[in-house]
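Here are my notes for you, written as a colleague would jot them down. Keep the viewer open and find each residue as you read.

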Amino acid sequence: MSGKRISYEVSDGVVSLGFEQGSGRIAVWTDEIIQVVRPLEGETFHSKAVERERRPMKQVTGTPAAGEFAVTEEGGALIIRTASLTAKVYDGFYVDFYRTAGAGAEGGEVLLCADYRGEREIVNKISPWIKAMLEAEGHDISGLLKKNYPVQAVKTLDGDEKFYGLGDKTGFLNKSGYEYENWNSDIPDAHTDAFKALYKSVPFLITLKERGVYGLFFDNTYRSHINLGKEKSDYFYYGAEDGSLNYYFIGGEHMADVIANYTELTGRTPLPQLWTLGYHQSRWGYENKEDIRELMEKFRGLDIPCDTIHFDIDYMDGYRVFTWNEKDYGDAKELFGEMDAKGFKKVSIIDPGVKLDPGYAMYDEGIEHGYFAETPEGETYVNAVWPGDAVYPDFGNKEVRDWWGKKQSYLTDLGFDGVWNDMNEPASFHGELPKDVVFTDEDHPSTHAAMHNCYGHLMSKATYEGLVYATGKRPFVITRACYAGTQKYSTVWTGDNQSLWAHIQMAVPQLCNLGLSGFAFAGTDVGGFGADTTPELLCRWVQVGAFSPLFRNHAAKGSRNQEPWQFDEQTLAVNRKFIELRYRLLPYFYDLFYEGEKTGLPVMRPLVMHYENAPAVWNLNDEFLVGEHLLVAPVVEQGATVKKVYLPEGAWYDFFTGKKYEGGQYYLVDAPIDVCPVFAKAGSVIPTYEVMQYVGEKPYDTLKLLVFPGEGRYVHYQDNGTDFAYRDGAYNLYEFVNDGAGHVATKLLHEGYAQYQKIETIVVK
Ligand code: GLC
């Protein structure tokens, strides 16, 4: 390892460390964020996630106050203190982190996270005879064997840790005892708990234990491995196959503070346009303009609100990106004119793979300027996706991002309102891209191994920036693959799930963990993408979807149709009921996004985020909060009509009937097929709008407040719902104070936009 520490030097908030073997540094970002770096790849790294400057903190000699830090040497250790944290650095470059302020740290230091001093006890799962057989057949088994990684951090376990976050990983909410990989993967099978990786790499982990809570963010885009006490109950580890050890210890008194601090570092989900929070209908299988027209007729004819129709790959000419299939969809202006008139927004899919097709402008331009990834020999690298042979834009090069960004205006000129970035792991039908395919990392050549996990991130960034430039509106980008920090540019969905009960069950913890990982705007394919849905499954999924940040029904070609009207009257009625409910709750969702842009807190939250001291919620996988005020307990089991609900401390009210429940206990609640149990916290003031068939059908000039018993305060936000004028003050902020006796006092905290004509209160009793 590193051996003895032989030197240190402090400059601009960075402590540079010299060891007998190698060097390192510790940078103090804020009172709550300390970065540890052991450079192994030189200093060429450009963080994709942390796109902000570090503002140096002030070095002091005494006890540091907020915004200050101190460095001292005590008994051989180097001690770095901020107002809330202490990092102690020992020989061997072992670093231990302590909390020194706030809850749990009264009267001293609390050790939160210590480097493990022993060696990993590597357990290999391959039996000796399988190993011998594979080797005899000439297979390279190195990938199957566990090993010490060139980049590795091993941390001690107390034994009571719960782990959350990590983006879109499969399985349940609490990741303790499991192992995962970060390698963006498009595997066309039913996602099970055995999948170590899905489409996204977000190496951010929140640890909750008796002694406190903290986050670790490992900023390295190479393939990495996270083992949370599965190898041994004494430690957990992170290992990356290349790059540098570069991680941030993130403190906070409570879980919400850790998320706020993590998103202060990596960025926050920006406020979206209001229509994006409505209902979206999609299907890979709307093959022509008649299909689109039929959808519009059905939605408007059946009075089912819908804002957005997604155009999957068939709208393109031969799957060539930035083209239009006039043969099947006719004149875009004509079709989109009808859609505009009926209040439908349109979102176009765009994949990264550019068809290898001399004479096709995207291909020709990219070849001319050298915009595509190359083989180490300098040839354009070719693999295959939907259009057949295809080449891969080198998004790590800013010039390529700008080129791609400008292409967005082709889509917005046609009339598209948002862009859906898919297949950007990147997917490849002729096997994975070799690790040595040459990509660019800003100012130097890089490899697929380094750029794979951030390919979707860079594509989303190019798309977001291009859309801002083309429209001046808040971009709606939705991506399948991403890296930590992509929340700044794009909403996400969880990829190709299937119409399985196991997948609606996974949807809740998966979306909750994405939220804890900074992705406030996320959704699953409602109804399930692959396989055939059933009326019951669709009803239950619409209930989950209505409370998910992104509410989109999407299905695969060849699967059973699953639009709201495809089954019986009851299924139609359940769809309508919950889609309408979503439209009533739009101002509540919008408020949460507004708050989230400032705090980084997600819209959809596991109960543990607000009730971290309640053991009953540590592993609660089938309930969630929308903001702090609504608790949703969807039925996710086939045939169930009764739901076991845990309500946390305090009083709760059935959102529909007003029935009171005392929290801190379990209830069995009736939940026939048309009911999804929802509870409002005592004192809640929930803003609602009149149901419209789409956002903007009529002005939202009346706000209706649902007022629940108990005292409470609520802040409501209002603006034009589309552009960035709010950043210059064009918005209103209302404060509503519920006195608990059926009266709500209203105060305008900020005025910058046309106010409601009426604010009504409906007291729920
Ligand atoms: C991928 C996407 C899916 C899309 C399909 C066709 O499988 O994940 O959503 O419908 O490609 O474009």
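The numbered points below go from the ligand to the salt bridges, then to the surface and the backbone.

1. Before anything else, keep in mind that this is a predicted model. Please read every distance and angle below with that in the back of your mind.

2. Let's start at the ligand. It has 13 residues around it, and the closest are Asp 312, Asp 422, Arg 480, Asp 496 and His 554. Sorted by class, that shell holds 8 nonpolar residues, 1 polar residue and 4 charged ones.

3. Now zoom in on the ligand's oxygen atoms. In the side chain of Asp 312, an N or O atom sits 2.5 Å from a ligand oxygen. For the side chain of Asp 422, the matching distance is 3.0 Å. His 554 joins in as well, with a polar side-chain atom 2.9 Å from an oxygen atom of the ligand. As for cover, the ligand has 310 Å² of accessible area on its own, and the protein covers 97% of that.

4. Next, salt bridges. Side chains of opposite charge can pair when their charged atoms come close. How many salt bridges does the structure hold? The count is 50, and I'll walk you through a few of them.

5. Take Glu 109 and Lys 88, a salt bridge whose closest N and O atoms are 3.0 Å apart. Glu 109 sits in the loop between strand S9 (94-99) and strand S10 (110-114), while Lys 88 belongs to strand S8 (residues 85-90), so this pair ties together parts that are 21 residues apart in sequence. Is each partner buried or exposed, or in between? Glu 109 counts as partly exposed because its relative accessibility is 35%, whereas Lys 88 is buried at 13%.

6. Asp 158 and Lys 209 are worth a look too: their side chains meet in a salt bridge, 3.1 Å from N to O. This pair links distant parts of the chain, 51 residues apart, with Asp 158 in the loop between strand S11 (151-156) and strand S12 (162-165) and Lys 209 in strand S15 (residues 204-209). Asp 158 has a relative accessible area of 37%, so call it partly exposed. Lys 209, at 6% relative accessibility, counts as buried.

7. One more pair, then a network. The side chains of Glu 662 and Lys 660 form a salt bridge with 3.6 Å from N to O. Glu 662 is partly exposed at 41% relative accessibility, and Lys 660 is partly exposed at 48%. Elsewhere, shared salt-bridge partners join Asp 186, Asp 422, Glu 425, Arg 480 and Asp 496 into one network. Do you recognise Asp 422, Arg 480 and Asp 496? What are they next to? They are among the closest residues to the ligand.

8. For a buried charged residue with a different kind of contact, go to Glu 231. You'll find Glu 231 in the loop between strand S17 (224-227) and strand S18 (235-240). Its relative accessible area is 10%, so Glu 231 is buried. The side chain of Glu 231 makes a polar contact of 2.6 Å with the side chain of Tyr 235.

9. On the surface, look for a nonpolar patch made by Trp 129, Ile 130 and Met 133, which together have about 320 Å² of accessible area. Met 133 belongs to helix H1 (residues 128-136). Met 133 counts as partly exposed because its relative accessibility is 39%.

10. Finally, some backbone details. The peptide bond joining Glu 425 and Pro 426 is cis, with omega at about 0°. Pro 426 lies in the loop between strand S26 (418-421) and strand S27 (438-441). Glu 425 is also part of the salt-bridge network from point 7.

11. Also check two residues other than glycine with positive phi. For Asp 12, phi is near 50°, and for Phe 322, phi is near 60°. Asp 12 is in the loop between strand S1 (5-11) and strand S2 (14-19), and Phe 322 is in the loop between strand S21 (308-311) and helix H4 (326-329). Asp 12 is exposed, with a relative accessible area of 55%, while Phe 322 is buried at 7%.

Key. Residues numbered from 1 in each chain as written. Predicted model: local features only at pLDDT ≥ 70, side-chain atom pairs only at ≥ 80, totals over all residues. Heavy atoms only, no water. Patch = residues over 30% accessible without salt bridge, like charges linked within 9 Å, V, L, I, M, F, W, Y side chains within 5 Å. Areas by Shrake-Rupley, 256 points an atom, 1.4 Å probe, with all protein chains shown as cover. Salt bridge = Lys/Arg side-chain N within 4 Å of Asp/Glu carboxyl O. Helix = DSSP H or I, 4+ residues; strand = E, 2+ residues; numbered from the N terminus. Buried < 20%, exposed > 50% of the residue type's maximum accessible area, 1.4 Å probe, protein only. Near = heavy atom within 4 Å. Polar contact = N/O pair within 3.5 Å; in protein donor to acceptor, adjacent residues only side chain to side chain. Nonpolar A, V, L, I, M, F, W, Y, C, P; charged D, E, K, R; others polar.
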